[in-house]
Amino acid sequence: MQRDFQEIIAENLARVRGRIDDAARAAGRDPNEVTLLGVTKYVEPDVAMLLFDAGLADLAESRPQQLWRKADSFGDLPVRWHMVGHMQRNKVRRSAPLISVLHSLDSPRLAVALNSIMAEESRRLPALIEVNISGDERKHGFMPDDVEPLLSDLAELPHLEIRGLMAMAALEGGPDRARHDFAALRRLRERLRRNCPPGLAMDELSMGMSGDFAEAIAEGATIVRIGTALFEGVR
Ligand SMILES: *Cc1c(COP(=O)(O)O)cnc(C)c1O
């Protein structure tokens, strides 16, 4: 069984990478500009490990407890864990040291808490500002107009390294709506870039999931976060 799963996952990974390359070329972009994250939240640690064995070292979780569990099972393996979901401040102390990139910076208080834990660790945490680009009330993230006023405060936190923006498209509305939302995030990044305080970067756009990554790449995604399409046939 495990052997079969390994083959299925390797095939899924090759297929997803092929689709990323196609989407990049169709948009006139270099496929190497797009980093694939494997979102492992649907599977147990042993199945997540098969994705790592197939050659994907950037893995993501959306819940702190799942991150702790998976990070524990992976031990010293050279995986880079990305956190893509909401993190309550009481989970920061245990989570932050495990994270390579936080994609879901969604409140000023979280930023301050992360900065002080990272100061204790003598480390800087790369982070993306989560934007509620679709305006869905159920979603986390800053409203687009609230991001610019925040940047000068973030620039005062030396243990956070802001690299760009993250968002999810609206759940409903299909590919056209998704592309519209992704274009809005790209335009917000262009606007912020012009007034970006020193020390902050606005290069990364983390956007696109299994159902909409081609649209995201067409609009400039530099990181796509994919779960379902990588674990088809093993869940
Ligand atoms: C689950 C999740 C993903 C992956 O979604 P799929 O549709 O399964 O590819 C991406 N980003 C975030 C924030 C998630 O929670």
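The following legends describe close-up views of a predicted model.

**Figure 1. Overall architecture of the predicted protein model.** The secondary structure comprises eight helices and eight strands. Along the principal axes, the C-alpha atoms occupy a box of roughly 50 × 40 × 30 Å. The radius of gyration is 17 Å, which agrees with the value near 18 Å that a compact globule of 235 residues would have. Of the 235 residues, 52% count as buried. Considering contacts between residues at least 6 apart in sequence, 61% join residues at least 24 apart. The protein exposes an area of about 11000 Å², of which carbon and sulfur atoms supply 47%.

**Figure 2. The largest pocket and its lining.** This pocket has a volume of about 610 Å³. Its lining consists of 27 residues, and those nearest the centre of the pocket are K41, S62, V84, G85 and M168. Two elements, α3 (64-74) and β8 (223-226), give two or more residues each to this lining. By class, the lining residues divide into nine nonpolar, 10 polar and eight charged.

**Figure 3. The second largest pocket and its lining.** The volume of the second largest pocket is about 170 Å³. Its lining is formed by R17, I20, D21, P31, N32, V34, T35, L36, G55, L56, A57 and D58. Both α1 (2-26) and β1 (35-39) supply at least two residues of this lining. The largest share, three residues, comes from α1. The class composition of the lining is six nonpolar, three polar and three charged residues.

**Figure 4. Helix α3 and its packing partners.** Helix α3 spans residues 64-74 and is one of the elements that give two or more residues to the lining of the largest pocket. Its buried residues are P64, L67, W68, K70, A71 and F74. An α-helix has 3.6 residues a turn, so residues three or four places apart point the same way. The buried residues of α3 pack against helices α2 (45-53) and α4 (92-95), and against strands β2 (58-61) and β3 (80-83). After α3 comes G75, which has a positive phi near 55°.

**Figure 5. Surroundings of L114 in helix α5.** The relative accessibility of L114 is 0%, and this residue therefore counts as buried, the cut-off being under 20%. Leaving aside residues up to four places away in sequence, L114 touches M87, V92, A96, L102, L105, L125 and L160. Between L114 and I20, the C-alpha to C-alpha separation is 32 Å, and these two residues are 94 apart in sequence. I20 belongs to the lining of the second largest pocket.

**Figure 6. Backbone conformation at S122.** S122 is situated in the loop between α5 (108-120) and β5 (125-130). Most residues other than glycine have a negative phi. S122 is not a glycine, yet its phi is positive, at about 55°. The relative accessible area of S122 is 64%, so this residue is exposed, the cut-off being over 50%.

Technical notes
Residues are numbered from 1 along each chain as its sequence is written. This is a predicted model: local features need pLDDT of at least 70, side-chain atom pairs count only at pLDDT 80 or more; totals for chains, interfaces and linings use all residues. Side-chain values use heavy atoms; hydrogens and water are left out. On a 1 Å grid over the protein atoms alone, a cavity is a set of points where a 1.4 Å probe fits but cannot get out, and a pocket is an open set with protein on both sides within 12 Å along at least five of seven lines; lining residues have an atom within 4 Å of a point. Grid points are joined across faces, edges and corners, and a volume is the space filled by probe spheres set on the points. Helices (H or I, at least four residues) and strands (E, at least two) are DSSP runs, numbered from the N terminus. Ala, Val, Leu, Ile, Met, Phe, Trp, Tyr, Cys and Pro count as nonpolar, Asp, Glu, Lys and Arg as charged, and the others, Gly among them, as polar. Buried means under 20% relative accessible area, exposed over 50%, partly exposed in between (1.4 Å probe, protein chains only). Contact means heavy atoms within 4.5 Å. The radius of gyration is taken over C-alpha atoms; the globule rule is 2.2 Å times the number of residues to the power 0.38. Accessible areas come from the Shrake-Rupley method with a 1.4 Å probe; for residues, only the protein chains shown count as cover.
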